[in-house]
Amino acid sequence: MSLIRTVTAPARLALHVGHHVLRHALELAEVAAQRARPDQDRDAAVHVTPIRPQADRPTADRPAPAPTATPVAGPSGVVPSGTSTAPADTEQPEFQPPHVDDEREVVYSSADAGAEDEVGATLHVDEPWPGYTAMTVPDIADRLVLADTATLAAVQLYEQTHRARKGVLMAVDEQLERAAN
């Protein structure tokens with residue numbers, strides 16, 4: 001008989017440890033499920049039995065302590081007389097994982113010199129066609145007569161961000177109105 005116990009001891013130990021690991025995992029899952037549904041009644045939530053240390057477990061010579069019952073309201077919502085309505089002190093504190101930090105910390109920040117003076121993006125617009133900057137207002141207006149809406153928009157954007165010549169901007173507006181009609 002002792003040979004069988006010696007041979008099967010590692011397997012029995014593995015089963016015993018596996019049983020306890022699974023039981024603890026199940027209890028943790030029940031706690032997580034309870035916290036995921038805070039809007040439910042505590043009476044309707046999953047009941048979690050706390051894990052007792054091995055020394056507190058009942059044995060043949062030491063029976064388990066008598067369970068204490070918490071009074072439950074009947075269908076009418078009234079707790080039976082002779083029972084206490086004081087809440088049980090089994091409420092557990094809010095769980096806060098040790099690795100979670102609520103404070104924000106700037107890890108790295110960088111900016112170009114003078115960036116704090118100008119907030120926002122910088123826009124660079126190239127000239128609408130080669131030689132545009134050397135052209136006069138009447139030359140540009142003549143060319144805009146045959147231009148498509150994309151070219152008109154490019155000329156308008158270029159003029160607004162560079163020279164802002166009123167004659168060119170008026171010619172663009174006229175051509176855009178003609179294209180819209």
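**Exercise 1. Decide whether leucine 13 is buried, partly exposed or exposed in this predicted model.**

Solution. Start with the relative accessibility of leucine 13, which is 54%. The cut-off for exposed is over 50%, so leucine 13 counts as exposed. Next, place the residue: leucine 13 sits in helix H1, which covers residues 2-36. Finally, look at its partners on the surface. Leu13 joins Val17 and Val21 in a nonpolar patch, and together they have about 270 Å² of accessible area.

**Exercise 2. Work out how helices H3 and H4 are oriented to each other.**

Solution. Find the two helices: H3 spans residues 149-161 and H4 spans residues 166-180. Their axes are 10 Å apart and pack at an angle of about 155°. Angles over 145 degrees count as roughly antiparallel, so H3 is roughly antiparallel to H4. To finish, add the handedness: the crossing of H3 and H4 is left-handed.

**Exercise 3. Describe the setting of leucine 176.**

Solution. Leucine 176 belongs to helix H4. Its relative accessibility is 27%, so leucine 176 counts as partly exposed. Now compare chain and space: leucine 176 and alanine 147 are 29 residues apart along the chain, and their C-alpha atoms are separated by 9.8 Å.

**Exercise 4. Find the salt bridge and say whether its residues are buried or exposed.**

Solution. Remember that side chains of opposite charge can pair when their charged atoms come close. The count here is one salt bridge. Glutamate 159 and arginine 165 form it through their side chains, at 2.7 Å from N to O. Buried means under 20%, so glutamate 159, at 0% relative accessibility, counts as buried. Arginine 165, at 13%, also counts as buried.

How values were computed
Residues are numbered from 1 along each chain as its sequence is written. This is a predicted model: local features need pLDDT of at least 70, side-chain atom pairs count only at pLDDT 80 or more; totals for chains, interfaces and linings use all residues. Side-chain values use heavy atoms; hydrogens and water are left out. Patches are made of residues with over 30% relative accessible area and no salt bridge: like charges are joined within 9 Å, nonpolar side chains (Val, Leu, Ile, Met, Phe, Trp, Tyr) within 5 Å. Accessible areas come from the Shrake-Rupley method with a 1.4 Å probe; for residues, only the protein chains shown count as cover. A salt bridge is a side-chain nitrogen of Lys or Arg within 4 Å of a carboxyl oxygen of Asp or Glu. Helices (H or I, at least four residues) and strands (E, at least two) are DSSP runs, numbered from the N terminus. Buried means under 20% relative accessible area, exposed over 50%, partly exposed in between (1.4 Å probe, protein chains only). Axes are lines fitted to C-alpha atoms, for helices over the stretch in contact, and angles run from 0 to 180 degrees between N-to-C directions. Angles under 35 degrees count as roughly parallel, over 145 as roughly antiparallel, 65 to 115 as roughly perpendicular and the rest as oblique. A crossing is left-handed if the near helix is turned anticlockwise from the far one by less than a right angle, and right-handed if clockwise.
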